Amino acid sequence: RTLKSDSILTWSLDFEDEISIKLAHFDRAAYSTPSGLIGKIESSSYPAPEMVKYDYREEYTEKVDIYSFGMLLYELVARWQPFTSDKATLIPKPKLTGLQTYGFQTLLKLMEQCSEEEANKRPSASHLTKLISNPMFQCHLSTQVLRDCVTVRGCTFIPSLRQLWAYGEYNITRAPGDLEASETVIEGTQVFILNTENLTVQGSLELKERANAISTVDSKVWIGMLEACIHVYDTNTFHFTDRIYVKDSVTFISTNDTYAFVGLANGMLTYYDKLSFPRESNTIKIGEKAIISMLPIGDFIWVSCGHEIVVLSAYDEITVLKRWQACQTNDQVYALVPSKENKSVWSIIRGSLIITCWDVCLGSLLYPVDLSDVLKNICDELMMEFINVRLLSLECSQNVLWLGVSTGIIVLLTATSKPEVITWFRAHRNAIRCLLEIPSLNREDFPVVISGGYGEESFIKTQSSWENGVIMSWQSLQSNDLQTVVRRKAYLDL
């Protein structure tokens, strides 16, 4: 009955400490009887509606504390009091208009549940403890629904404008003029431009062709098409500025300080000198299969082509330096992601559930990790079928590996020579095809990891976010901080 901001004491600012917050004013608290309590205390800042409605003459339960906790969450987000008097609590839920919701969507959703007018609709204390201690709840910042987008296939970040360009497929079923005629399905690409500071949509583009790759090239965004061309867009105006024709479907686009690289489905790599673009281009044969991923590291560029990894010199003349078989011939190296110091490169083996780590200097395999048992146990816990489960995306942030799975699960592992699973959660309904780190503006802030997939499985999911492609942003914690969160959850689950 005394839970309010005035009763909360900050005990420690060290995240590693077991106790950082303490509650005060327990001299006015009381044990609840099986039937509840009756009575009024002067120190209750936010009495629950059932307390005020009957002027404290009817019995009430510990759910009044859940209501007070909801008001406390409102104070944390809004930084002002929800009500100015006891009578105001006859309107149980404070107004949310005008609040900055980015980073607080989970807290606001929880606040709404805790401040339900009917006490039996409020969550229990044990449910709150389980929910708040969940790593997914702790890391989730925001969700943006991409309407009419079936799924999210890729995204790119424009640092100077703090923009995120994401693209996905859309299927629109339209009936022709004759109502008895069969319907037609139009397939194309939706491109959404978002502000990474609050995940709001700034604009969108509708393309009739099917996109297959996207990348930032200086102040432009290049979108590679299956129809053997590249669309170039201005990042300030969102206007189409150029079309580049190539000799096959575009499978990947990357860039360094000198060149823009375009990987093709026929195993060819086309590269453009930025100073002479688009007048001059050159092509080099990498392999017989499609180029799946590229990663510039210093004066080199790593290329995955089928079951091979190829390292090229990218300083002056583009030449092949190293080539080795990374997996079985019927598999594919699907992603190339650098470690924080660019000392190693992580990759996904598409036809299996294996991730591999490569030494950049030696060009040798350090350690393969088979996640088959881990993912099978996760599927068993979620009561999902362990059929056609695939690894789709990979990112390394704060020395933590973020791994996107076809079932919508994100697995977090230590980015060490022998990685270990830290935790996991189901973020999307399925198909997490892109994971991307958004660097922070200054050292005091934390980086953010963006995930793109179909549907949302978080605490704040809605009907709209369940049925469309969504972009979700996550706080990127360091490995030690994540492990502390996991330990606390395990302790509270006992």
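Two strands are said to pair if DSSP finds at least two bridges between them, and in this predicted model the strands β21 and β22 form a hairpin with four residues between them. The two strands of this hairpin run antiparallel and are joined by six bridges, one of which can be located through S344, whose bridge partner in β22 is D359. Strand β22 is also joined by six bridges to strand β23 (residues 364–370), again in the antiparallel sense, and here C357 has Y367 of β23 as its bridge partner. The hairpin of β22 and β23 likewise has four residues between the strands, and in it G363 takes a positive phi near 65°. Strand β22 is mostly covered, since five of its six residues are buried.

The chain as a whole contains eight helices and 30 strands. Of its 494 residues, 51% are buried. Among the contacts with a separation of 6 or more, residues 24 or more positions apart account for 47%.

In soluble globular proteins, nonpolar side chains tend to be buried together. In the present model, the largest nonpolar core has 24 residues, of which I355, L375, L391, L394, L401, L403 and V411 touch the most other members. At least two residues of this core are supplied by each of β20 (333–338), β21 (344–349), β22 (354–359), α6 (372–381), β24 (391–397), β25 (400–405) and β26 (409–414). Apart from this core lies another, of 21 residues, which includes I66, F69, A78 and L131. The surroundings of V411 illustrate how the largest core is put together: with neighbours within four places in sequence left aside, V411 is in contact with L375, I378, L401, W402, L403, V405, V421, T423 and W424.

Several of these strands also belong to an open sheet of four strands, which has the order β24-β25-β26-β27 and antiparallel pairing. Its edge strands are β24 and β27 (421–426), each of which pairs on one side only, and neighbouring strands of the sheet are turned by 20° against each other on average, when direction is ignored. Within the sheet, β25 and β26 pair in the antiparallel sense over five bridges, and W402 stands opposite L412 in β26. Strand β27 contains T423, a residue that counts as buried because its relative accessibility is 10%, while the cut-off for buried residues is 20%. Leaving aside neighbours within four places in sequence, T423 is in contact with P135, I410, V411, L412 and V486. The C-alpha atoms of T423 and N134 are separated by 9.8 Å, although these residues are 289 residues apart along the chain.

Two packed helices are described by the angle between their axes and the distance between the axes. For α2 and α3, the angle is about 150° and the axes are 8 Å apart, which means that α2 is roughly antiparallel to α3, given that angles over 145 degrees count as roughly antiparallel. The crossing of these two helices is left-handed. Their contact is made by I66, Y67, F69, G70, M71, L73, Y74 and V77 of α2, together with L107, L108, L110, M111 and C114 of α3. The buried residues of helix α3 (residues 105–114) are T106, L108, L110, M111 and C114, and these buried residues pack against α2 (63–78), α4 (125–132), α5 (135–139) and β3 (140–146).

Attention may finally be given to three individual residues. Phi of L199 is near 65°, a positive value in a residue other than glycine, and L199 is found in the loop between β6 (184–195) and β7 (200–207), where it is buried, with a relative accessible area of 1%. Phi of D218 is also positive, near 55°, in a residue other than glycine, and D218 is placed in the loop between β8 and β9 (220–225). In contrast to buried L199, D218 counts as exposed at 52% relative accessibility. The third residue, S215, has its place in strand β8 (residues 211–217) and is buried, with a relative accessible area of 9%. Not counting residues up to four places away in sequence, S215 touches T156, K220, V221, W222, I253 and S254.

Note on methods: Residues numbered from 1 in each chain as written. Predicted model: local features only at pLDDT ≥ 70, side-chain atom pairs only at ≥ 80, totals over all residues. Heavy atoms only, no water. Buried < 20%, exposed > 50% of the residue type's maximum accessible area, 1.4 Å probe, protein only. Contact = heavy atoms within 4.5 Å. Core = buried A, V, L, I, M, F, W, Y, C linked by side-chain atoms within 4.5 Å. Axes fitted to C-alpha atoms, helices over the stretch in contact; angles between N-to-C directions. Parallel < 35°, antiparallel > 145°, perpendicular 65-115°, else oblique. Left-handed = near helix turned anticlockwise from the far one by under 90°.
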